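Please open the structure in your viewer and keep the selection tool at hand, since each stop on this tour begins with something to select and goes on to what is found there.

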Amino acid sequence: MLLLECPYCGPRAEIEFRYGGESHIRRPGPHAEVSDAQWADYLYNRKNLKGEHRERWLHAAGCRRWFNVARNTVTHQVLAVYKMTEPCPLPDDTGAPVGDPSMTPGTAMGGAA
Amino acid sequence: MTRRYSALSLLREGVNGQRGWEPAWRNPQAKARYDAIVIGGGGHGLATAYYLAKNHGLTNVALVERGWIGGGNTGRNTTVIRSNYFFPASAAFYDFSVKLYEGLSKELNYNIMFSQRGMWTLAHDRHGLEMARRSANAMLLNGIDAEFHDEPSVRARIPGLNPDPRFPILGGINQPRGGTARHDAVAWGYARAASALGVDIIQNCEVLDFIIEGGRVRGVETSLGAMRSDRVGMAVAGHSSVIAAKAGLRLPVSSYALQAFVSEPVKPCLDTVILSPATGTYLSQSDKGELVIGAGLDLYLSYAQRGSLPWMERAAAGVVELFPRFSRLRFLRQWAGIVDVVHDSTPILGPTAVDGLFINCGWGTGGFKAVPAGGWCLAHLMATGESHPLARAFGIERFETGALIDEASASGIAH
């Protein structure tokens, strides 16, 4: 069972939240130049990582706001919680911070699974 | 040495002190080259290896398994077999699987204990009732046995249902040919039969990488060294994305934990399989007397083979809602398997962007019932290079063309 720390409400039980899939997926564009393969990749393909995974959660039974969680999918350990507009505080494999701070919550939610 | 199982061989070995039994499958050394390699020693992989040898005469086949055969979802499911699907492509495929199951004990000379005790899906509201009618009609049109029952008829067939439930039981559909089987026996039966035909079943052998030359698969690097083959099939369920990524492929798969549990064993009291979508649970009784109870998916990505408590509680509440008399039963064991869920709840069975690499995944919460047909069709694909007619609609290209087969409702438990 997960204990997630909503950045707005504090630590709450798993049942208050809804999982929203992989974070930091960018909608390809401009639209007229997007191939079927690119669109399918954007809509359906996921990293589905075993290990450290960056994902979106909604505090559905609370403040109803979205936020990001970096979580280990094997141990379920929560590694970081950060807001939709913030880059991930953890480095990725290349050492660079993940996520684009210019992404608005609206575009970040575009690919809800 | 005694190889064939029969009443006579049982008697002979009984008199003989059980000393003559041959191990059910060989434990061979991995060879450097094979005609085909199957990754994954679950039901689908083992069935694939068996049908490669049996249907296509390919006996120089390796099956590599990281752990032990049948130790993943094949040994973790709730053993339900059914073909109550909605769309023609799914119905034809899953019913072929049920038909193969019907003859499997004899075919494999291994008792898989397939008990066709019926599979009920209950309707708890008017809309559920309408869907049940529609579903039964669709099944009948697809040539699958289906019976619609109103409330008195459901209650007559399933004794012990809650007389005054929070979610009224208005009716249900039954597939009489549905039922349960011994899941371990399916894995062991296929393994034994495949091994007897010459397939090398190599356990404790992890695939580390693919050998790909010029866009074509040439084998796999494993923890026991390289094995070369121009044909590789993968049937690794929840780990599909992890293995596919080694070949540079991205899949439309999400891995979730699906949990189940059994109660302490009690005397026979439930002679069928019941799915109640509204209460989020399904249950049957095993031959040992345990109630086998399945919960919904823990709806966040997970590779941990354990379920979370809220979903367990929900499933338990659903069981007690349906059958108040089970409220005093204690749980004996709880576990989870990692299932490979795709957006349309239809499997992915076909070639990949890497020549010679074939994939069998996307079974989500219902892979066990599809084991014989999934193996049959993957073997056909690996041996001939062509998709089997029954699996032609299940190619991964459907996510690009948009020809999805949305079986979300027929896939059983909600996800």
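Begin in chain B with Asp184(B), which is found in helix H7, residues 183–196. Please bear in mind throughout that this is a predicted model. With a relative accessible area of 18%, Asp184(B) is buried, because the cut-off for that class is under 20%. Once its neighbours within four places in sequence are left aside, Asp184(B) is in contact with Gly70(B) and Gly75(B).

Keep H7(B) displayed and add helix H2 of chain B, residues 43–56, whose axis comes within 9 Å of that of H7(B) and crosses it at roughly 30 degrees. Angles under 35 degrees count as roughly parallel, and H2(B) and H7(B) are therefore roughly parallel to each other. The crossing in which H2(B) passes H7(B) is left-handed. To display the contact itself, select Leu46(B), Ala47(B), Ala49(B), Tyr50(B) and Tyr51(B) on H2(B), together with Ala187(B), Tyr190(B), Ala191(B), Ala193(B) and Ala194(B) on H7(B). By class, the residues in this contact of H2(B) with H7(B) are ten nonpolar, no polar and no charged.

Next, select helix H3 (residues 88–102) and helix H10 (residues 371–384) of chain B, whose axes come within 7 Å and cross at roughly 105 degrees. That angle makes H3(B) roughly perpendicular to H10(B). On the H3(B) side, Phe93(B), Phe96(B), Ser97(B), Leu100(B) and Tyr101(B) meet Val371(B), Pro372(B), Ala373(B), Gly374(B), Trp376(B) and Cys377(B) of H10(B). The contact of H3(B) with H10(B) divides into nine nonpolar, two polar and no charged residues.

Several side chains from these two contacts can now be selected together: Tyr50(B), Tyr51(B), Phe96(B), Tyr190(B) and Trp376(B) form one aromatic cluster. Of these, Tyr50(B) and Tyr51(B) belong to the H2(B) side and Tyr190(B) to the H7(B) side of the helix contact visited earlier, while Phe96(B) lies in H3(B) and Trp376(B) in H10(B).

Before leaving chain B, centre the view on Asn109(B), in the loop between helix H4 (104–108) and strand E4 (119–123). Its phi is near 55 degrees, a positive value in a residue other than glycine, and at 13% relative accessibility Asn109(B) counts as buried.

Now move to chain A and select the loop between strand E3 (18–22) and helix H1 (36–43), where Pro30(A) is found. The peptide bond leading from Gly29(A) to Pro30(A) is cis, with omega near -5 degrees. His24(A) also lies in the loop between E3 and H1 of chain A, and its phi is near 60 degrees, again a positive value in a residue other than glycine. At 24% relative accessibility, His24(A) counts as partly exposed.

For the last stops, turn to aromatic pairs, of which the structure holds 21 over all chains. In one of them, the rings of Trp39(A) and Tyr42(A) have centres 5.0 Å apart and planes at 45 degrees, so the pair is tilted. Being three residues apart in helix H1 of chain A, Trp39(A) and Tyr42(A) are separated by about one helical turn. Is each of them buried or partly exposed? Trp39(A) is partly exposed, with a relative accessible area of 25%, whereas Tyr42(A), at 7%, is buried.

Finally, return to chain B and select Phe93(B) and Phe394(B), an edge-to-face pair with 5.2 Å from centre to centre and 80 degrees between the planes. Phe93(B) lies in helix H3 and Phe394(B) in the loop between H10 and helix H11 (398–401) of chain B, so the pair ties together parts that are 301 residues apart in sequence. Phe93(B) counts as buried at 0% relative accessibility, and Phe394(B) is buried with a relative accessible area of 0%.

Note on methods:
Residues numbered from 1 in each chain as written. Chains lettered and ligands numbered in written order. Predicted model: local features only at pLDDT ≥ 70, side-chain atom pairs only at ≥ 80, totals over all residues. Heavy atoms only, no water. Helix = DSSP H or I, 4+ residues; strand = E, 2+ residues; numbered from the N terminus. Buried < 20%, exposed > 50% of the residue type's maximum accessible area, 1.4 Å probe, protein only. Contact = heavy atoms within 4.5 Å. Axes fitted to C-alpha atoms, helices over the stretch in contact; angles between N-to-C directions. Parallel < 35°, antiparallel > 145°, perpendicular 65-115°, else oblique. Left-handed = near helix turned anticlockwise from the far one by under 90°. Nonpolar A, V, L, I, M, F, W, Y, C, P; charged D, E, K, R; others polar. Phe/Tyr/Trp six-rings, centres within 6.5 Å; stacked < 30°, edge-to-face > 60°.
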